[in-house]
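Student: Could we go through this structure together? I would like to understand how its parts fit.

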Amino acid sequence: MRASTSNLLLIGPAALMVVALFLYPLFFSLVSAFTQDDLSFTLDHFVKVFELYSNDIKFTIIIVLSSVVLLAILSIGIAATLTLSPFPKLVAVLALLYRLPLFIPFIVAAQMMRTFLAKNGLMNNTLVAMGVMTPFETISLLGWSGIIITFVWKQLAFSTLLISGAMAALNRDQIQAAQNLGASRLRILVDVILPQVMPTIGVALVLSTVTIMSVLSVPLMIGTGSPTMITADIAFRVNSYGDYPVANALGMVSYLICAGLAWFYLRQSLKDKGALS
Amino acid sequence: MAHLDIRQLQVGYGDKTILHGINLQVQKGEMIALLGPSGCGKTTLLNAICGFVPTQSGEVHIAGHEITQLPAERRNITMVFQSYALWPHMSVAQNISYGLKVRKIPKAQAHKRVLDLLSIVNLEGFENEKVTNLSGGQRQRVALARALAVEPDVLVLDEPLSNLDAKVRLSVRHELKALQKKLGFTSLIVTHDQEEALVMADRVAVLNQGRIEQLGTPEDIYQQPETPFVADFMGADNCIIYKTSEPNVQLHLPNRSTAQTFALYFRSSATQVQAFSNSKNEAGLTLSGLVEQTAFLGQQYRHTVRSGEQVLQADSRECWPIASQVSLFVPPQALHVFDLATHETSNAFQSNLRG
């Protein structure tokens with residue numbers, strides 16, 4: 001009894017911070033999303049959300065899923081090259097390059113992508129100058145593809161950092177053992193490395209999802225306005241209308257999307273553990 | 001013709017050369033131990049044979065085919081690692097059959113081979129066990145089975161026993177040797193444990209600073225070390241420099257002039273501790289000194305005896321009291337005599353002098 005009291009006292013300050021800074025705002029936005037001004041229960045805000053923004057919600061889900069899939073493929077590819085490549089010079093260059101986006105804020109990345117991807121941006125100008133296409137054939141990549149490119153470019157550094165760290169932590173002998181049994185590098189990646197770094201890949205992708213769901217600058221700067229991502233809608237509701245209930249209802253939808261992916265990840269990792277034992 | 005033929009192999013990292021012109025011929029079915037202190041290049045030699053590190057020059061041939069430039073996955077040389085290097089996400093059977101799966105051996109056939117191997121390494125019934133549930137000795141036997149599953153041309157073992165505790169090590173050592181005799185695989189084993197090398201190997205190569213100092217049968221290496229380093233490494237770690245007979249150091253060697261300067265190496269177990277006397281002219285080395293320290297080793301006592309500037313170890317069943325004056329006698333057949341004009345003394349010797 002006494003021990004449990006002192007334990008409570010010990011975790012008290014930390015618990016209080018979580019309650020005050022996370023649970024209370026969460027609860028407040030929940031309440032605000034489900035109630036009218038007189039605090040009576042209503043689903044009106046959600047009805048409004050789905051009437052006005054169901055396209056944006058679909059758009060957001062598609063952007064998030066495509067970004068995460070591309071991220072997984074690219075970061076596993078880079079991390080595998082770093083771990084398995086027989087060319088130390090290539091590895092050194094790649095190890096330096098892939099980290100750069102870590103130090104660039106989203107808003108700067110978005111600005112760079114604007115000048116790079118626009119119809120008369122750096123990329124198209126280069127292609128025209130190289131004679132690959134004529135100025136009439138150039139297209140602007142601003143819009144959904146630009147948003148995905150920016151998210152993947154920016155988050156690639158983070159997820160590669162996590163995944164290549166996990167790969168580097170594997171015992172080198174395990175790779176050599178597979179090698180002298182005749183396995184090619186691709187087989188080693190699939191049979192030996194990936195099964196062991198799966199949990200880290202999951203963490204990297206879930207964290208990237210949460211980041212992508214919360215960035216405002218990229219859809220605002222690179223998007224075409226409509227459809228746009230949920231973050232832009234929330235900002236619009238709050239800034240233009242002072243409409244907190246609908247903004248909070250939109251927030252709930254983002255929570256649910258993140259929670260859905262997190263559930264998928266947890267279920268998958270529990271299944272893997274169950275299959276092993 | 002040798003099954004594994006290593007010619008003038010030179011390996012290094014950057015500017016640093018680790019192996020200098022290694023020549024080694026291994027016959028089919030032979031087990032050779034690479035013995036040496038840490039940093040002598042023995043593991044690098046294994047890695048070069050496996051293809052994990054590039055060679056600077058020289059050639060490696062297996063059964064008449066050159067494999068120097070082949071990548072590791074095409075060499076058919078498998079390694080047993082000190083760390084076992086089993087894959088924790090696979091079962092025992094999956095670990096063992098991995099090489100067969102890569103070679104696209106039909107499943108039924110691979111399964112049969114796994115069961116055969118499990119019975120060979122005494123792990124029947126373990127095929128569905130997780131490797132993380134096994135003890136160190138069991139893991140190393142799984143690793144051995146995995147390496148043998150693909151019937152490698154050469155099996156290399158990199159200190160396979162040094163992560164095991166003393167008792168398990170002896171039993172796995174015994175099993176490994178018995179298996180090697182039974183199956184007759186050609187193998188190279190790296191070890192820093194001289195006893196392990198003597199017990200397991202058909203021939204022993206003692207490595208020092210990237211060169212093979214001596215290659216021979218265990219008996220040769222133990223009884224006729226060719227260099228001071230080999231003598232010292234094989235346990236003859238008492239060393240004195242002999243210039244001329246002095247009252248407390250007397251040397252009489254049959255058939256050999258004692259007018260030169262010699263380095264004499266001998267084992268503490270071959271050194272007899274006797275009551276101090278002035279008797280002379282017995283063939284062999286006679287020293288006198290004071291007992292500084294004794295230690296009980298079970299079978300006998302080890303005495304630390306100071307004779308002039310040198311400190312020597314001598315074993316005796318009798319425990320001589322500290323500070324008593326004794327004579328140490330080494331018979332001529334137990335003395336390894338190196339002419340200092342032709343041999344460099346080893347580092348161990350120099351540290352002995354300082355100590």
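Student: How many residue pairs are in polar contact between chain A and chain B?

Tutor: There are eight such pairs between chain A and chain B, counting those with both residues at pLDDT 80 or more. Please keep in mind that this is a predicted model.

Student: Which elements of chain A give two or more residues to the side that touches chain B?

Tutor: They are α7, residues 172-180, and α8, residues 185-214, of chain A. The most comes from α7(A), which gives seven residues to that side.

Student: How do the residues on that side of chain A divide into nonpolar, polar and charged?

Tutor: Seven are nonpolar, eight are polar and four are charged.

Student: And how many salt bridges are counted between chain A and chain B?

Tutor: The count of salt bridges between the two chains is zero.

Student: What area is buried between chain A and chain B?

Tutor: About 2000 Å² is buried between them, and carbon and sulfur atoms give 58% of that area. In terms of residues, 19 from chain A are in contact with 24 from chain B.

Student: Changing topic: what is the secondary structure of chain A?

Tutor: Chain A has 11 helices and zero strands. Its C-alpha atoms fill a box of roughly 70 × 70 × 30 Å, taken along the principal axes.

Student: Now for empty space. How many cavities of 30 Å³ or more does a search of the whole structure find?

Tutor: The search finds one cavity of 30 Å³ or more. The largest cavity has a volume of about 70 Å³.

Student: Which residues line the largest cavity?

Tutor: The lining consists of V80(B), Q140(B), R141(B), L144(B), L157(B), P160(B), L161(B), V172(B), E175(B) and L176(B). Two elements of chain B, α4 (136-149) and α5 (166-183), give two or more residues to this lining. By type, the lining residues of the cavity divide into seven nonpolar, one polar and two charged.

Student: What about pockets? How much space lies in the second largest pocket?

Tutor: About 620 Å³ of space lies in the second largest pocket. It is lined by 27 residues, and the closest to its centre are P86(A), R185(A), G51(B), F52(B) and P54(B).

Student: Which elements give two or more residues to the lining of that second largest pocket?

Tutor: Those elements are α2 (44-84), α3 (88-97), α7 and α8 of chain A. The largest share of the lining, four residues, comes from α7(A). You have met α7(A) already, as the element that gives the most to the side of chain A that touches chain B.

Student: How do the lining residues of the second largest pocket divide by type?

Tutor: They divide into 15 nonpolar, eight polar and four charged residues.

Key
Residues are numbered from 1 along each chain as its sequence is written. Chains are lettered from A and ligands numbered from 1 in the order in which they are written. This is a predicted model: local features need pLDDT of at least 70, side-chain atom pairs count only at pLDDT 80 or more; totals for chains, interfaces and linings use all residues. Side-chain values use heavy atoms; hydrogens and water are left out. Contact means heavy atoms within 4.5 Å. Buried area is the accessible area (1.4 Å probe) that two parts lose on being put together, summed over both. A salt bridge is a side-chain nitrogen of Lys or Arg within 4 Å of a carboxyl oxygen of Asp or Glu. A polar contact is a pair of N or O atoms within 3.5 Å; within protein, one must be able to donate a hydrogen and the other to accept it, and residues adjacent in sequence count only if both atoms are side-chain atoms. Ala, Val, Leu, Ile, Met, Phe, Trp, Tyr, Cys and Pro count as nonpolar, Asp, Glu, Lys and Arg as charged, and the others, Gly among them, as polar. On a 1 Å grid over the protein atoms alone, a cavity is a set of points where a 1.4 Å probe fits but cannot get out, and a pocket is an open set with protein on both sides within 12 Å along at least five of seven lines; lining residues have an atom within 4 Å of a point. Grid points are joined across faces, edges and corners, and a volume is the space filled by probe spheres set on the points.
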